[in-house]
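Please walk through this structure with attention to how its sheet is put together, how one of its helices packs, and what surrounds one of its pockets.

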Amino acid sequence: MTVNMADIDLSEIPFWGLPQRERMEAFRRLRALDRPVFTKENKIPFIGHGAGYYALVRHADVSEASRNAGVFSSEPTANSIADMPRWLAVYFGSMINMDDPRHARLRRIVSRAFTPRVLAKMEEDLQRAATRIVDEAIAEGPGDFVTQVAARLPVEVICDMMGIPPEFHHRVLRATNIILGNADSEYTGIDPGLNRWNVARGLVKLLAAGRELNRLAARLGRERRGASTGDLTSMLVNGDEHLTPQELGSFFILLVVAGSETTRNAISHGLKLLTDNPGQRELLVGDFEKHIPGAVEEVIRYSTPVIQFRRTVTRDHEMNGQQYRKGDKVLLFYNSANRDESVFTDPDAFDITRHPNPHVGFGGPGPHYCLGAHLARREVTVMFRELFTRLPEIRSAGEPSYLLSNFINGVKHLPYTT
């Protein structure tokens, strides 16, 4: 397969609509260059744009930039290539868009929900949810693995953590799909073409979805303040150190979007990878408890559900032979770092026995490493155990329908058989 360097434009939506094999070949060629490529930004209506960004595609660059938060800052924005205007930041300006000490304060507060003791108490709830989901999938019969299985578990788990009643779960999932799929016509109803007004209409949908989740979190916060019910919302709004209403809303959006989408897509990609690699599937099923930890890590590495995050250079700095200037933007492409030939032997092979496996699928090392990584691993483990125990012949039965996005390596639909 040959990819012309002139055809690699990481800012253009058509690139992200290419088959994944072609995109990974493009990143392989970018890694072979002697320095990071600089890519111009697209103009976005009502937001504006900068000059462009350096694409960090090597494992060493992504890891070093992640560790060095003093130089490679998450402010003003980490989850948007363009600087996020106030009317969006009020909903999406969470702690991932902050540096210490603000980031450290918020992380300290919300980390109460992710201690080993709290997660251990969740284990029974997690198992019950997985059992119920598989029960219902068996009763319905094979159809779409994403909607019947993969998308349900993480949303239900996070909503239960926050104390959100079951009747709101569908609304949360729909809003999450719009937020991460705002360039995908299936979720927005808007043509994904490059017409600037189509982009603007997508932003309106994004704003409405953020507002809906924010209001839901604010309502819960008001109900829990001073009247703790033991859920995560109660923990976050009560006590000497607590979240403000705005902080609670943006954290909830971060939790439900990042938490549910990473796990949902890992489970979906995992079934497809284990179907396409029958030897690896046989290895896993033959001794599940031995191989599931390695399988989860390899699924995360190979699929890399979160493709990239942005950093902004705070001062002139040299890294690995490249000179960066104050104000430069860089994008950390985790998907490319996880296929770096200098780190991973035969990186395009799916190998659940891979060791070591220093992937950056939960973000690079440093202060912004994913707070929910352990929970995500548990969710994938519990769901795969339930599936392969009760449906030992389960396999994907066709090609996935992928999300059109430069941010999430998402699977919208996946036919399956049992």
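In this predicted model, a convenient place to begin is strand β7, where Phe 333 is the bridge partner of Gln 308. Thr 312 has its own bridge partner in β7, namely Lys 329, and taken as a whole the pairing between β4 and β7 (residues 329–333) is antiparallel and extends over five bridges. β4 is also joined to strand β3 (residues 72–73), again in the antiparallel sense, through two bridges, with Phe 72 standing opposite Val 313 of β4.

These pairings belong to an open sheet of five strands, whose order is β1-β2-β7-β4-β3 and whose pairing is mixed. The edges are occupied by β1 (38–40) and β3, each of which has a single partner strand, so that one side of each is left without a neighbour in the sheet.

How many of the six residues of strand β4 are buried? Six of the six residues in this strand, which spans residues 308–313, are buried, and β4 is therefore largely enclosed by the rest of the structure. In a regular strand, side chains alternate between the two faces of the sheet. In β4, Gln 308, Arg 310 and Thr 312 point one way, while Phe 309, Arg 311 and Val 313 point the other way, and all of them are buried.

From the sheet we can turn to helix α5 (residues 102–110), whose buried residues are His 103, Leu 106, Ile 109 and Val 110. Viewed down the axis of α5, these buried residues fall within an arc of 135°, so they line one face of the helix. The general background is that an α-helix has 3.6 residues a turn, so residues three or four places apart point the same way. The partners against which the buried residues of α5 pack are α12 (232–237) and α13 (245–276).

Helix α13 also leads to the second largest pocket, because the elements giving two or more residues to the lining of that pocket are α2 (20–31), α13 and α15 (288–303). The space in the second largest pocket amounts to about 770 Å³, and its lining is made up of 28 residues, with Gln 20, Arg 21, Met 24, Tyr 302 and Arg 339 lying nearest the centre. The largest share of this lining comes from α2, which supplies eight residues. Sorted by class, the lining of the second largest pocket contains eleven charged, ten nonpolar and seven polar residues.

Technical notes: Residues numbered from 1 in each chain as written. Predicted model: local features only at pLDDT ≥ 70, side-chain atom pairs only at ≥ 80, totals over all residues. Heavy atoms only, no water. Buried < 20%, exposed > 50% of the residue type's maximum accessible area, 1.4 Å probe, protein only. Helix = DSSP H or I, 4+ residues; strand = E, 2+ residues; numbered from the N terminus. Arc of directions from axis to C-beta. Contact = heavy atoms within 4.5 Å. 1 Å grid on protein atoms, 1.4 Å probe; cavity = no way out; pocket = protein on both sides within 12 Å on 5 of 7 lines; lining within 4 Å. Points joined across faces, edges and corners; volume = space filled by probe spheres on them. Nonpolar A, V, L, I, M, F, W, Y, C, P; charged D, E, K, R; others polar. Pairing = 2+ DSSP bridges.
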